[in-house]
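Please look over the chain shown below. A short tour of its fold comes after it.

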Amino acid sequence: MLRGLTVVLRRPHAAPPAAVRCVSSGTVDITVPLNFWAGKRRTSHEKGHKENVYEPATGRVLCHLEPCGAVDINQAVNAAKSAFGHWSKMSGMERMKIMIEAAHIIESRREEIAEMEVVNNGKSITEARLDVDSGRLCIEYYAGLASTLAGQHVQLPGGSFAYTRREPLGVCVGIGAWNYPFQIASWKSAPALACGNSMVFKPSPVTPVTAVLLAEIYAQAGAPDGLFNVVQGSQETGSLLCHHPDVAKVSFTGSVPTGKKIMEMASRGVKPVTLELGGKSPLLIFQDSDLENAVRGALMANFLSQGQVCSNGTRVFVQRDILSEFVEEVVKRTQSIEIGDPLLETTRMGALVSKPHLEKVLSFVEQAKKEGASVLCGGEPFVPSDPKLKGGYYMTPCVLGDCTDEMTCVKEEIFGPVMSVLSFETEEEVLHRANNTTLGLAAGVFTRDVRRAHRVVEHLKAGSCFINNYNITPVEVPFGGFKMSGIGRENGQVTIEHYSQLKTVFVEMGDVDSLF
C-alpha cells in the first residue's frame, strides 16, 4: 500500500491552467491505501519494510510502499472468487454494459488519469493521454466481444450431436510493468472480464498509483465488489499470487528473467500463462524507402516513453547506399527533441522512470564507446533549466553509429533512448542478422517494394511486424512475441482464447451402443 501524502503537483510555468498537475486545485490526494479489494481501498496487514515511490520528473518522494502479504493476498483472491460467481453467470450483454460504462468514466477522467501517470512514470503528458485512450479503447473493444462469445454445434450420426461451450477460467492474476501502468492494467483486465473472469492485479512497485483508479472506475461502473482488485508489492507479493491455489491464470508483462520465474511458479499448479517479455527488435530500412517516413519510423521505434518500450526497434539496419543521408537526418531530428517537464505540452521526452534505471542506460552508452561505437549525439545526463526539475532522471536521446552485431548495445535490451545504427548490403544478409537473437517481440521494414516488404516480413522471426511504420498498437490487433519474448497475445480476438477454456458436450439422442 501507499502511506501517504496529499501530493502537491507542480504547475509548469509555461502551461495554461488545463495542463497543470491537477485538474482543479493543484493537488492530488493519494492518501493511503492504494490497495483495493472487495469494492474499496484497503490497508495492508503487513507492517514490514517500506519502499520509497518517486516522481521521476523531480526525484522527490511521492509516498511509501508497503507490500501486501499472505493475509492480504488471500482476502483479495477470495473477493475475486466471490465476484466471479456472480459475474460469470451474467450474460455477455450485461457484462458489456458495465464495461462500456467504465470506458465512459475513463473518458471523462482522461486528464486526471494522464496527469497521475505522468507524475508517477515520467513520460510526457501527450503520450500519457494516448495511453489512457488505449486503455479505454481496449475496454470498449472487449465489451463489444463479450456478447459474441459462443461455441460450435457438430451434428453426429443418428441425430446425436455435440457442442462446445467457451467458459471463463476463474480468478486471473495480472502483473504489470512500470512503462505503461494504466494501459497494461486495462489491456489485461478487459479481455479477462469480457470472458466472465475476475482479476487480481499487481502493478509495478515503481509505478503503483494509477491501477487503483481503474479499480474504482470499474466499481463505479457497476461491477460487483471484488471483480477487479489491486494489490501492491514486489517479488514476494507476485510469488504469493502465482502460487495461490485459487488463481486460475497468470498474465505478466516485464523482463525475460522474471517471466521465466513466473512460468515456473505457474507450472506447479499447471496454470496457463500469458507472457509479454523483452525485445531487441530490428528495423530494416532499404535504399528505396521513403526517407522521410523511414526517419520518422526510426524515431518512433526508439524514443517513445524515453525509449522504455519493449517492442522498440533499437537495432536499426540501414542499407549502405543511404546510410549517411539517413544518419544525418536522424541525428538532426534527435537533437531537436524537446526534453524537460513532462507536463508541458511542448515536451516530447520526459524523465526515465528511476535513478538506478537512468544510471543503467547511461552505462550502456559508456560500454558502447569502449567497444568502438561512435556517439553521434546524446547519451548524457540532462538537467532542465527549471530548478524544480534538477533532481529528475533525464538524459539526452542517443544515436550510436559504427555499431557491429557483437556489441553489447546491439545484443542486449537497453530499455532507454538509445538507437544503434548498423549498415547492410543485401536482403539475405540483413535477414540473417536481424533474426540472430533469442528474442522476437517485434520487427519492422521500410521499403517501397511491396513484394520485398511481404517477403521480408515472412522471414522475420518476430510476433509483431510493421511495414512502413513502427510501434502502432491498435487494440483490435494481437500483440506479442516469438521465442523468448513471450507466450500468448494481448489484444485482438485471439486473446479471448487465452482467458477462457473450451468445454465439449456430447449429446446422445438414441440408445447406448455398448460392447458389454
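The report below moves from the whole chain to its cores, one helix, one strand unit and three single residues.

## The chain as a whole

This is a predicted model. The chain holds 15 helices and 25 strands. Its radius of gyration is 24 Å, close to the 24 Å that the globule rule gives for 516 residues, so the chain is as compact as a globular protein of that length. Along its principal axes, the C-alpha trace spans about 80 × 55 × 40 Å.

Buried residues account for 58% of the 516 residues. Take the contacts between residues at least 6 apart in sequence: 74% of them join residues at least 24 apart.

## Two nonpolar cores

In soluble globular proteins, nonpolar side chains tend to be buried together. Here the largest nonpolar core has 66 residues. Within this core, M99, I106, I139, Y142, L214, Y218 and F228 touch the most other members. Several elements each supply at least two residues to the core, including α1 (70-87), α2 (92-108), α3 (110-121), α5 (181-194) and β11 (198-202). Helix α6 (211-220) and strand β12 (228-230) also each supply at least two. Helix α4 (125-146) gives the most, with 10 residues.

Apart from this core lies another one, of 31 residues. L400, C409, V410 and A462 are among its members.

## Helix α4 and Y142

How many of the 22 residues of α4 are buried? The count is 17, so the helix is mostly covered by the under 20% accessible area cut-off. The length of α4 also fits expectation. At 1.5 Å a residue, its 22 residues should span 32 Å, and its end C-alpha atoms are 32 Å apart.

Y142 is one of the core residues with the most contacts to other members. Which residues does Y142 contact, leaving aside neighbours within four places in sequence? They are M99, A190, P191, A194, N491, G492, T495 and I496.

## A β-α-β unit

Strand β21 (residues 442-446), helix α14 (residues 450-459) and strand β22 make a right-handed β-α-β unit. The two strands, β21 and β22, pair in the parallel sense over 4 bridges. A442 stands opposite S464 in β22.

In a regular strand the side chains alternate between the two faces of the sheet. Strand β22 (residues 464-467) shows such alternation. S464 and F466 point to one face and are buried. C465 and I467 point to the other face and are not buried.

## Two residues with positive phi

Most residues other than glycine have a negative phi. S305 has a positive phi of about 50°, although it is not a glycine. S305 sits in the loop between α9 (291-303) and β16. Is S305 buried or exposed? S305 is buried, with a relative accessible area of 1%.

N491 has a positive phi too, of about 70°, and is not a glycine. Its place is the loop between β24 (486-487) and α15 (495-498). N491 is buried, with a relative accessible area of 0%. N491 is also one of the residues in contact with Y142.

## Q319 in strand β16

Q319 belongs to strand β16 (residues 315-319). Q319 has a relative accessible area of 9%, so it counts as buried, the cut-off being under 20%. Leaving aside neighbours within four places in sequence, Q319 is in contact with I285, F286, Q287, F424 and E425.

Conventions. Residues numbered from 1 in each chain as written. Heavy atoms only, no water. Buried < 20%, exposed > 50% of the residue type's maximum accessible area, 1.4 Å probe, protein only. Pairing = 2+ DSSP bridges. Right-handed = clockwise from strand over helix to strand, strands pointing away. Core = buried A, V, L, I, M, F, W, Y, C linked by side-chain atoms within 4.5 Å. Contact = heavy atoms within 4.5 Å. Expected span 1.5 Å × (residues − 1). Rg over C-alpha atoms; globule rule 2.2 N^0.38 Å.
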